[in-house]
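Colleague: I should like to understand the terms used to describe a protein model. Could you set the values beside the definitions for me?

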Amino acid sequence: MNAPLRVLVLWFPDWPLRAALGGPPPHPPTALVQANTIVACTASAREHGVRTGQRRRIAQGHLSSLRVLPHDPARDERAFLPVLQLIEKHAPGVTLLRPGLAILRARGISRYHGGEAEAAAALAAVLADAGLPEVRIGVADGPFTAEIAARGRDACTVVPPGRSQEFLAPYPVQVLRDEQIAGLLVRLGVRTLGEFTALAPLDVRDRFGEHGARLHALASGADSRPLTPRPPDPELVRNIEFESPLGGTDQVAFAVRQTADAVLLALGDASVVCTEVRIDMTDDNGAVFSRTWLHPTCFDASDLVDRVRWQLEALAAESAKEPVDEARAFGGIMAVRIVPVAVDDAAHHQPGLFGSGTDERLHHAVSRVQTMLGHQGVVTAALAGGRWLAERQVLTPWGERPVPPRDPGSPWPGSLPDPLPAEVFLPPRPIGVLAADGSSISIDERGALSHEPARIDGVDVQGWAGPWPVHERRWTPDGGRRGHRLQIVDDHDRAWLVFRAGERWWVEGRYR
């Protein structure tokens with residue numbers, strides 16, 4: 001039987017508060033809020049009854065002087081990255097669980113320092129010297145037990161091998177962080193992890209399913225989660241500086257070819273490929289122009305050169321379209337820096353044994369066309385959210401990640417329900433919606449039609465439904481965009497989606 005995996009967990013209490021306030025505890029009574037709910041609070045705030053999960057008004061009811069700040073998860077990650085790098089210098093292979101919580105294998109560092117307690121004390125001393133004296137360290141047979149140990153009152157808690165179940169037994173079932181199962185266990189009279197582990201595993205599986213069986217294993221100290229170390233980042237960044245500024249796109253693209261090759265060689269030495277890259281360009285005024293580029297598979301040297309060319313063309317076009325002050329105008333390029341942002345294992349991108357598949361041939365063909373036509377020459381369509389049909393389609397250059405303004409699956413009050421028109425007119429074209437006497441139909445302030453529709457686009461109307469008002473961004477100075485939609489079926493069995501804006505009728509789409 002294999003020996004249990006000994007892990008060391010480092011926990012930094014109230015890390016989101018430290019990242020927001022920029023200093024070690026103690027902190028004044030402060031809480032971080034997301035969606036009007038407390039997600040983190042300082043120890044001084046907890047003394048007055050403030051708790052995570054409370055609504056903001058309830059927390060302020062406990063302490064009227066509570067300082068409330070918005071929670072920014074990205075800020076937490078940025079602030080924790082230097083801490084991870086510091087830990088890696090003394091204990092390589094650290095893994096980030098979440099900002100403020102890191103884990104690593106205890107075997108290597110404990111052998112170096114002569115024991116697990118000695119290794120934990122050495123890490124705590126290093127972090128204290130770096131201004132992080134609040135760190136708590138737990139060592140145990142698995143990540144779950146080690147995290148519970150790190151959250152204890154002592155600066156360092158070492159759970160002896162094979163004693164995880166005994167250590168966890170007194171803790172309440174709420175530490176499993178499953179409110180539904182924990183609440184049900186309490187109603188059944190099971191209040192501690194020891195009482196939970198006393199239940200038969202088969203009975204737990206039958207009553208709570210696979211998830212309950214997993215929690216039962218955690219309570220027993222049998223945490224089988226694999227630990228994937230975070231390897232030190234290889235030096236993949238390459239840059240080139242020019243003696244004199246280069247203004248031509250072809251000049252810069254030719255000059256960075258060797259730099260692009262150097263990036264690919266560095267990636268090859270690390271056995272990885274680049275799927276996302278950032279290109280930083282510095283002009284003769286010292287201004288830095290950065291842009292992140294994505295790739296459907298992985299970049300090669302020619303792809304990197306193409307991105308440099310396209311970025312220069314976009315900068316030149318933007319500078320010509322929107323002239324700015326001469327001190328800030330786009331000038332010649334003095335330096336180019338290529339920074340791989342996202343990498344993947346090279347083994348995932350090796351060609352097949354019997355040649356490439358259809359998708360790869362398609363990618364090479366489309367990329368070649370894009371190289372000839374430019375970055376915007378080949379685009380892909382994605383469905384986005386919106387109330388108007390013209391907003392539902394987002395065109396993204398080939399290779400870029402589509403970023404729709406809003407998830408199409410999210411609720412859009414006032415949006416058109418399915419099925420959508422098969423043909424969308426972009427831009428909408430004017431159309432005549434007439435009454436039986438030939439007059440144009442209008443809509444009053446109460447949303448009522450002046451007459452029943454009789455003819456549309458010169459064809460008799462067979463049936464119609466509506467109108468439905470659409471009014472969005474009404475808080476803007478111009479009053480936003482508003483109109484009334486109408487669905488009409490003509491005598492040729494064609495269904496139209498029309499809307500009236502101002503004094504005219506427009507056709508958005510046509511059903512097939």
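The conversation below takes up individual residues, then helix pairs, and then the nonpolar cores.

Modeller: This is a predicted model, in which local features need pLDDT of at least 70 and side-chain atom pairs count only at pLDDT 80 or more, while totals for chains, interfaces and linings use all residues. Residues are numbered from 1 along each chain as its sequence is written, and side-chain values use heavy atoms, with hydrogens and water left out.

Colleague: How many helices and strands are there in the chain?

Modeller: The chain has 15 helices and 21 strands. Both are DSSP runs numbered from the N terminus: helices are H or I with at least four residues, and strands are E with at least two.

Colleague: Why is Thr157 called buried?

Modeller: Thr157 has a relative accessibility of 16%. Buried means under 20% relative accessible area, exposed means over 50%, and partly exposed lies in between (1.4 Å probe, protein chains only). Thr157 is therefore counted as buried. This residue is part of strand β8, residues 156–158. Of the 512 residues in the chain, 39% are buried.

Colleague: What does Thr157 touch, not counting residues up to four places away in sequence?

Modeller: Contact means heavy atoms within 4.5 Å. On that basis, and with residues up to four places away in sequence not counted, Thr157 touches Ile137, Gly138, Val139, Ala149 and Phe167.

Colleague: How do you know whether Ile38 is buried or exposed?

Modeller: The relative accessible area of Ile38 is 2%, so Ile38 is buried. Ile38 lies in strand β3, residues 37–41. Its C-alpha atom is 5.4 Å from that of Gln54, although the two are 16 residues apart in sequence. Leaving aside neighbours within four places in sequence, the residues in contact with Ile38 include Leu32, Val33, Gln54 and Ala59.

Colleague: What makes Pro24 partly exposed?

Modeller: Pro24 has 40% relative accessibility, so it counts as partly exposed. Pro24 is placed in the loop between α1 (15–21) and β2 (30–34). The C-alpha atoms of Pro24 and Gly131 are separated by 7.3 Å, with their positions 107 residues apart along the chain. Not counting residues up to four places away in sequence, Pro24 touches Arg18, Gly131 and Glu134.

Colleague: How are Asp14 and Arg177 classed?

Modeller: Asp14, at 25% relative accessibility, counts as partly exposed. Arg177 has a relative accessible area of 53%, so Arg177 is exposed. Phi is near 55° for Asp14, a positive value in a residue other than glycine. Phi of Arg177 is near 60°, again a positive value in a residue other than glycine. Asp14 is in the loop between β1 (7–11) and α1, and Arg177 is in the loop between α8 (164–168) and α9 (179–187).

Colleague: Why is α4 called oblique to α6?

Modeller: The axes of helix α4 (residues 73–90) and helix α6 (residues 116–129) come within 11 Å and cross at roughly 135°. That angle makes α4 oblique to α6. Angles under 35 degrees count as roughly parallel, over 145 as roughly antiparallel, 65 to 115 as roughly perpendicular and the rest as oblique. In this pair, Val83, Leu86, Ile87 and His90 of α4 meet Leu123, Val126 and Leu127 of α6.

Colleague: What makes α9 roughly perpendicular to α11?

Modeller: The axes of α9 and helix α11 (residues 201–219) come within 11 Å and cross at roughly 100°. With that crossing angle, α9 is roughly perpendicular to α11. From α9 the contact takes Ile181, Leu184 and Leu185, and from α11 it takes Arg207, Phe208, His211, Gly212 and Leu215.

Colleague: Which residues touch the most other members of the largest nonpolar core?

Modeller: They are Val252, Met281 and Val336, in a core of 27 residues. A nonpolar core is a set of buried Ala, Val, Leu, Ile, Met, Phe, Trp, Tyr and Cys residues joined through side-chain atoms within 4.5 Å. Helix α14 gives the most to this core, with 7 residues. Leaving aside neighbours within four places in sequence, Met281 is in contact with residues including Val308, Leu312, Leu315 and Val336. A second, separate core has 23 residues, among them Leu10, Phe80, Ile137 and Val139.

Conventions. Axes fitted to C-alpha atoms, helices over the stretch in contact; angles between N-to-C directions.
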